[in-house]
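Biologist: I am new to this structure and would like a close look at a single part. Please take me through it with care.

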Amino acid sequence: MSTQSIRVFRKLEGLFSVYKPKGVHWKLVRDTVETNILKGINAAPPSAPRLRVKFLLGPGGSKSSSDLTLSAASLPALSDHPLVSGPEFQQVRVGVGHRLDAFSSGVLVLGVGHGNKALKDLYGSCVTRDYILEGEFGMATNNFTHTGTVIEKTTYDHITRDKLEKVLAMMQGVNQKALLVYSNVDMSSQEAYELAVKGALRPDGKTPPIMLGLRCLHFQPPHFTLEVQCINETQRYLCKVLHEVGLELRSSAFCKGVRRTRDGPFILRDTLTRHHWAAPDVMQAIQHYRSLTKAPKHTRMDTNSTITGTQEDNHTDNQWQEKGGKEAIAPLN
């Protein structure tokens, strides 16, 4: 029999995205969402308990008679009472897509129920992801981020935006050549031409990280901001990219922040922030993603939306700091 809790769970099966703040481990985000979803499911009204027929002893119909009679009565089964049986759902599995380390922030895709299989299929299709990288010239660290030990200091007065963009164009060209090699498509064929025109060339199988796009959004030495579109990347690889940019410019650079603004079809403005990780909001986000998958395919990212996404990300980070950081994300007991 399908209960109200089961019907709520069916509506929660699917994919959605949340905003992972900087400085918080992805496991803590997943566990918090999982706890909130479990509470939302078990908060559904319980089904009416089953009725069982019991024969009760009672006095006879005559007042003068001392005989006892049996009478049938329908009583609720105590085994079905919530205080006896406990919550209907003891555990809900929430899967995590391409993970973000504690240093990074942005879009984190999660799956509930059969959404875990859809999550595996999604990342098996070599989806691209967009990042905003914040860097600073003049220093190099042992882990390519501002949290590492400084191993070198250099000058950066000779760096201009034109020089930076030339280096970025060179690095993007190298990665595009690597994409052609790993795509396993004959470059002299009509198929390769059509895929290249559509921008649909993808690597065949597991490959090293490949950058499909790289451009400068902001340049004010020593600070600069890059937008990167890539496949099969890690956050450490992205930090190393900034280090290599510094070396190509005969200087040094380290990463101050990594923000993911898009993960496949999921973009920043569709993510759920901390105060919307409840079951009703998750259900609404899943329904929104289902409506997008049924609609005709269209491009959802452009220059303006990328910059707007960065501003929204900064605003979300500020809200997170105001709410008390990690303490605000502790799972409810």
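Biologist: Which residue takes a positive phi just after α1?

Modeller: This is a predicted model, in which local features need pLDDT of at least 70 and side-chain atom pairs count only at pLDDT 80 or more, while totals for chains, interfaces and linings use all residues. Residues are numbered from 1 along each chain as its sequence is written, and side-chain values use heavy atoms, with hydrogens and water left out. The residue you ask about is G14, whose phi is positive at about 155° and which comes just after α1. Helices and strands here are DSSP runs, numbered from the N terminus (helices being H or I with at least four residues, strands E with at least two). Helix α1 itself spans residues 4-12, and within this helix S5, V8, F9 and L12 are buried, where buried means under 20% relative accessible area, exposed over 50% and partly exposed in between, with a 1.4 Å probe and protein chains only. These four residues lie on the same side of α1, because they cover an arc of only 100° around the axis, the arc being that of the directions from the helix axis to the C-beta atoms. As for their surroundings, the buried residues of α1 pack against two strands, β1 (14-20) and β5 (104-112), and against two helices, α2 (26-42) and α8 (279-294), with contact meaning heavy atoms within 4.5 Å. Within the residue range of α2, the side chains of R30 and D31 meet in a salt bridge at 3.2 Å, N to O, a term that stands for a side-chain nitrogen of Lys or Arg within 4 Å of a carboxyl oxygen of Asp or Glu. D31 is partly exposed at 29% relative accessible area, and R30 is partly exposed as well, at 22%.
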